[in-house]
Amino acid sequence: MTTTETANQVKTAVQAIRQQTQYQPTVGLVLGSGLSELANSIQNPDIIHYESIPGWPQSTVVGHSGRLVIGTLEGKTVLVQQGRAHYYEGYNMEQITLPVRVMNAMGIKTLVVTNAAGGINASFNPGDLMLITDHINFLGMAGLNPLRGPNDDSIGPRFMDMIGTYDLGLRKLAKETAVANNFTLQEGTYAYVAGPSFETPAELRFLRAVGADAVGMSTVPTVVTARHADMQIMGISSITNKAVPDPEPGTVLDHEEVLETGKLIIPKLTALLRGVLQQL
Ligand code: HPA
């Protein structure tokens, strides 16, 4: 698409949203697999179904609802993307990143992204939260970067610095919140792979060797696009399973496990988000 076509698509989506809400959100929150329930904490919500927004990608994955929930949480006006589309569903990078481009066009400057991820770091356990400090964009490094194609200079530069992508100030707030609420917050590097198959033992040995602490199938295209627009970004992985090359005999990883563990993490994740929002 040309930059004009993309900008028009974003504009159309923004108009469709504005017709359904009077709120002016300042924070965007993307909820990953099994984390949908968190949107129930939003007060006085306007609910906007994805079908009512032209061009908005629908998630076909169990555990992802297809709605925007816009309302208040801890006094901040938040737009919650309850369910996301993934590359493995057949969407292209442009489609996957429409939501974050729309958030930016609406004036949202702070983005919180969440996901379900496998814990590669041997000290991580299912049920842990990991603050994302950095990422490895395997798809992007291989050519599938959402910024490929004509650059819209009105949004950000062609060649973009990725150092400091995961905002230090927000990370500090998250860590303080975890201490105040008495839970452990792991930190580490998130490796983005395409999926939908989970990793082989050889792939997990490779990911471990290159310094990944967690692995998942989402989030990074959104983060790259948000960074281009100079948004402040915080990323949280809910570690739903161990992703190690030598699992206990008989363990089988499936999406059900990812969803079940995701649910158990919700109270902790809710406390974390509330704590951060309070201090923004
Ligand atoms: N691998 C990739 N993506 C995931 C995993 C995993 O082990 N768990 C949840 N999402």
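User: How many of the 11 residues of strand β9 are buried?

Analyst: In this predicted model, 9 of the 11 residues of β9, which covers residues 232–242, are buried. The strand is therefore largely enclosed by the rest of the structure.

User: What does "buried" mean here, as a cut-off?

Analyst: A residue counts as buried when its relative accessible area is under 20%.

User: In which sense do β5 and β9 pair, parallel or antiparallel?

Analyst: Strand β5, residues 110–119, pairs with β9 in the parallel sense, and the pairing extends over 10 bridges. Within it, Gly118 is placed opposite Asn241 of β9.

User: And how many bridges join β6 to β9?

Analyst: There are 3 bridges between β9 and strand β6, residues 129–137, and these two strands run antiparallel. Here Met130 faces Ser237 of β9 as its opposite residue.

User: Turning to helices, how many residues of α7 are buried?

Analyst: For helix α7, residues 220–228, the count is 9 of 9, so the helix is largely enclosed by the rest of the structure. Among the buried residues are Arg227 and His228, as well as Val220, Pro221 and Ala226.

User: Which elements do those buried residues pack against?

Analyst: The buried residues of α7 pack against two helices, α2 (93–96) and α3 (98–105), and against the strands β5, β6, β7 (185–192) and β9.

User: What follows α7?

Analyst: Asp230 follows the helix, and its phi is positive, near 60°.

User: Now the whole chain: how many helices and strands does the protein have?

Analyst: The secondary structure consists of 8 helices and 9 strands. Of the 280 residues, 54% count as buried.

User: How does the radius of gyration relate to that of a compact globule?

Analyst: The protein has a radius of gyration of 18 Å, and a compact globule of 280 residues would have one near 19 Å, so the value agrees with a compact globule. The C-alpha trace spans about 55 × 40 × 35 Å along its principal axes.

User: What share of the contacts comes from residues 24 or more positions apart?

Analyst: Such residues account for 82% of the contacts with a separation of 6 or more.

User: Finally, what about the surface and the charges?

Analyst: The protein exposes about 12,200 Å², of which carbon and sulfur atoms supply 52%. It carries 19 positive and 25 negative side chains, and the centres of these two sets lie 5 Å apart.

Methods
Residues are numbered from 1 along each chain as its sequence is written. This is a predicted model: local features need pLDDT of at least 70, side-chain atom pairs count only at pLDDT 80 or more; totals for chains, interfaces and linings use all residues. Side-chain values use heavy atoms; hydrogens and water are left out. Buried means under 20% relative accessible area, exposed over 50%, partly exposed in between (1.4 Å probe, protein chains only). Helices (H or I, at least four residues) and strands (E, at least two) are DSSP runs, numbered from the N terminus. Two strands pair if DSSP finds at least two bridges between them. The radius of gyration is taken over C-alpha atoms; the globule rule is 2.2 Å times the number of residues to the power 0.38. Contact means heavy atoms within 4.5 Å. Accessible areas come from the Shrake-Rupley method with a 1.4 Å probe; for residues, only the protein chains shown count as cover. Lys and Arg count as positive and Asp and Glu as negative; His and the chain ends are not counted. The place of a charge is taken as NZ of Lys, CZ of Arg, CG of Asp or CD of Glu.
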